[in-house]
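Biologist: I've got a model open and a handful of "how do you know" questions. Can we go through them one at a time?
Modeller: Sure, bring it up on the screen.

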Amino acid sequence: QLQLVESGGGSVRAGGSLRLSCKAYGYTYSPYCMGWFRQAPGKEREGVAAIYTGDGSSWYADSAKGRLTISKDNAMNTLYLQMNSLKPEDTAMYYCAATTRTTYAWLLLRESTYGYWGQGTQVTVSS
């Protein structure tokens, strides 16, 4: 059973940076793609970035472009999200997700695409 464990969240001031990590354990088949989602209080969970683990091609939500970078280390079975120029509106619980199924690019930022989820890591950005 694929398990995902996030780390790296914390509290920063606006303009600061954080790097989130997500380590994958216990899988038989490598994830086909992985993504980062976030959920702010009172809001729905939204996809912010996703990556194909094979060729490393990535997709971003408009809110993430230019500030957030998704990357992977296949040897370490770890997914990353580098977050720069953080804003108070980035405050949310951040979740790592994975799927072992073939997935079209236009589905990568949809919550329903993913069958495996981590427990989340909190990011708080103060003004």
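Biologist: Why is Cys33 not counted as bonded to Cys96?
Modeller: Keep in mind that this is a predicted model. The closest cysteine sulfur to that of Cys33 is in Cys96, and it sits 11 Å away. A disulfide needs the two sulfur atoms within 2.5 Å, so 11 Å is too far for a bond.

Biologist: And what makes Cys33 buried?
Modeller: Its relative accessible area is 0%. Buried means under 20%, so Cys33 qualifies.

Biologist: How do you know that Cys22 and Cys96 are joined by a disulfide?
Modeller: Same kind of check. Their sulfurs are 2.1 Å apart, and the cut-off is within 2.5 Å, so the pair counts as a disulfide. The structure holds one disulfide.

Biologist: What does that disulfide tie together?
Modeller: Cys22 belongs to strand E3 (residues 18–25), while Cys96 belongs to strand E9 (residues 92–99). The bond therefore links parts that are 74 residues apart in sequence.

Biologist: Why is the disulfide called left-handed?
Modeller: Look at the torsion about the S-S bond of Cys22 and Cys96: it's about -75°, so the disulfide is left-handed.

Biologist: Are those two cysteines buried or exposed?
Modeller: Cys22 has a relative accessible area of 0%, and Cys96 has 0% too. The limit for buried is under 20%, so Cys22 is buried and so is Cys96.

Biologist: On to the sheet. What makes E1 and E7 edge strands?
Modeller: The open sheet has four strands in the order E1-E3-E8-E7, with antiparallel pairing. Strand E1 (3–7) and strand E7 (68–73) each pair on one side only, and they are the edge strands. From one strand to the next, the twist averages 20°.

Biologist: How do you know that E7 pairs with E8?
Modeller: Count the bridges: six join E7 to strand E8 (residues 78–83). Pairing takes at least two bridges, so E7 and E8 pair, and they run antiparallel. Asp73 stands opposite Thr78 in E8.

Biologist: Last one: what lines the largest pocket, by class?
Modeller: Eight charged residues, three polar and three nonpolar. Of the 14 lining residues, Arg38, Lys43, Glu46, Glu89 and Asp90 lie nearest the centre. Asp, Glu, Lys and Arg count as charged, so those five names all fall in the charged class. The space in this pocket is about 180 Å³.

Methods: Residues numbered from 1 in each chain as written. Predicted model: local features only at pLDDT ≥ 70, side-chain atom pairs only at ≥ 80, totals over all residues. Heavy atoms only, no water. Helix = DSSP H or I, 4+ residues; strand = E, 2+ residues; numbered from the N terminus. Axes fitted to C-alpha atoms, helices over the stretch in contact; angles between N-to-C directions. 1 Å grid on protein atoms, 1.4 Å probe; cavity = no way out; pocket = protein on both sides within 12 Å on 5 of 7 lines; lining within 4 Å. Points joined across faces, edges and corners; volume = space filled by probe spheres on them. Buried < 20%, exposed > 50% of the residue type's maximum accessible area, 1.4 Å probe, protein only.
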